[in-house]
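Welcome! Here are some short exercises with worked solutions, to be followed with the structure in view.

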Amino acid sequence: MRWIWIDKFVEFHSGQRAVAIKNVTLAEEHLHDHFPGFPVMPETLCIEAMAQTAGILVGEAKNFEEKVILAKIKKAAFFDYVKPGDTIKLEAKIESITDEAASTTGRISCDGKLVAEIDLMFSHIDKNLAGKEFPQENFVFTDTFKSLMRGAAFNS
Amino acid sequence: MAMSRDEIFGEVQEVLVDALGVDDDEVTSGATLMGDLGAESIDFLDIVFRLEKAFGIKIPREELFPAESLMNNPEFVNNGKLTEIGLGELREKMPHTDLAGFENDPDINKLGDLFTVGAIVNYVEGKLNSA
C-alpha cells in the first residue's frame with residue numbers, strides 16, 4: 001500500500017468483514033478543482049477508499065503473505081455526493097476467497113445514508129499470471145499502512 | 001431440486017451478463033468466452049465465484065478452466081501446439097467440452113475458443129447431477 005486513503009478501521013472481523021472511516025476535508029487540494037465552487041469527492045477516489053478497506057481485509061485473511069492487487073471493479077454505483085466535512089463509512093465484506101483471488105462487496109454510507117455500492121475482485125498475483133515472477137518482498141503491504149491497524153477494534 | 005437444461009442456461013446467461021457486461025442475446029450456447037464475449041483471465045475467476053453462488057456448488061478452479069496448468073508444462077506443449085499427451089490430459093480434464101475441432105489443430109492460442117457458454121452449461125449440469 002503506497003498511499004493511505006482511509007483514516008482508520010472501526011471494526012475488523014478477520015476473513016469476513018471490516019468497517020473503515022474516512023474524513024473528507026477541504027484541505028484535500030483536488031477538491032478545489034473538482035469542482036470549482038462545488039467540491040465533491042471524486043467517485044474514483046471513493047472506489048480507491050473501498051479498494052483499500054477491502055484489500056486490507058483480504059490481505060489480513062492470508063496473514064498479509066499474499067500480494068493483493070485490485071483486479072476488477074465488478075460494480076460501482078453512486079447514489080449521493082460526498083462533500084468536505086463528511087465522514088464516510090466504508091463497509092467491506094468478503095464474498096469468496098481462494099488461493100488465487102477474492103471477491104468482495106461493499107457499501108459506503110454517510111450519516112446512515114447510502115452513498116455507493118462497490119463490489120471488487122482482488123488477485124493474489126503470485127498465484128496468477130501463469131507463473132510470472134514478482135519481487136520477493138511484499139510491496140503491497142508495507143509498514144506504512146500498519147498504523148491503520150492500530151486502534152482497530154479487532155474481533156477476529 | 002433438479003434444474004432443466006434451459007433453467008441452467010438461463011442462470012449461466014445471467015452470470016455472464018453480470019460478469020462480462022455483455023447483452024443477453026450475445027450469450028449464445030456457441031459463443032466463446034474470450035473471443036466473442038471478451039473475457040480476460042480475472043473474469044474467469046469472477047465467473048467461477050458467481051457460478052458457485054448461483055448454483056450453490058463448489059468449483060475447483062482447475063476443473064472448469066484447466067488450460068493454464070497445461071500451457072506451463074513442456075510435456076504437454078511443444079512448438080505452440082498441444083502434444084498427444086497434452087491432448088489426452090485436456091480430454092480428461094474437460095469431459096464437458098467438445099474437442100473434435102481442436103484436435104485437428106491443437107494450437108494453444110485457440111485454447112481460449114474451447115471455453116464456450118455451452119461448455120459451462122454442460123459442466124454445471126454434470127456437477128448438479130452428480131451432487
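Two residues are in contact if their C-beta atoms, placed from the backbone, lie within 7 Å. The model is predicted, so local features need pLDDT of at least 70 and side-chain atom pairs pLDDT 80 or more, while totals for chains, interfaces and linings use all residues. Residues are numbered from 1 along each chain as its sequence is written, and chains are lettered from A in the order in which they are written.

**Exercise 1.** Find how many residues each chain brings to the contact.

Step 1: chain A supplies 14 residues and chain B ten residues.
Step 2: on the side of chain A that touches chain B, the elements giving two or more residues are β3 (68-78), β4 (87-97), β5 (101-110) and β6 (113-124) of chain A; strands are DSSP E runs of at least two residues, and helices H or I runs of at least four, numbered from the N terminus.
Step 3: β3(A) gives the most, with three residues.

**Exercise 2.** Describe how β1 of chain A joins β2 of chain A.

Step 1: β1(A) (residues 8-13) and β2(A) (residues 17-23) run antiparallel, joined by five bridges; strands pair if DSSP finds at least two bridges between them.
Step 2: E11(A) has V19(A) in β2(A) as its bridge partner.
Step 3: three residues lie between the strands of this hairpin, where G15(A) takes a positive phi near 75°.

**Exercise 3.** Identify residues of α1(B) and α7(B) that meet.

Step 1: from α1(B) come R5(B), I8(B), F9(B), V12(B) and L16(B).
Step 2: their counterparts in α7(B) are V117(B), I120(B), V121(B), V124(B) and E125(B).
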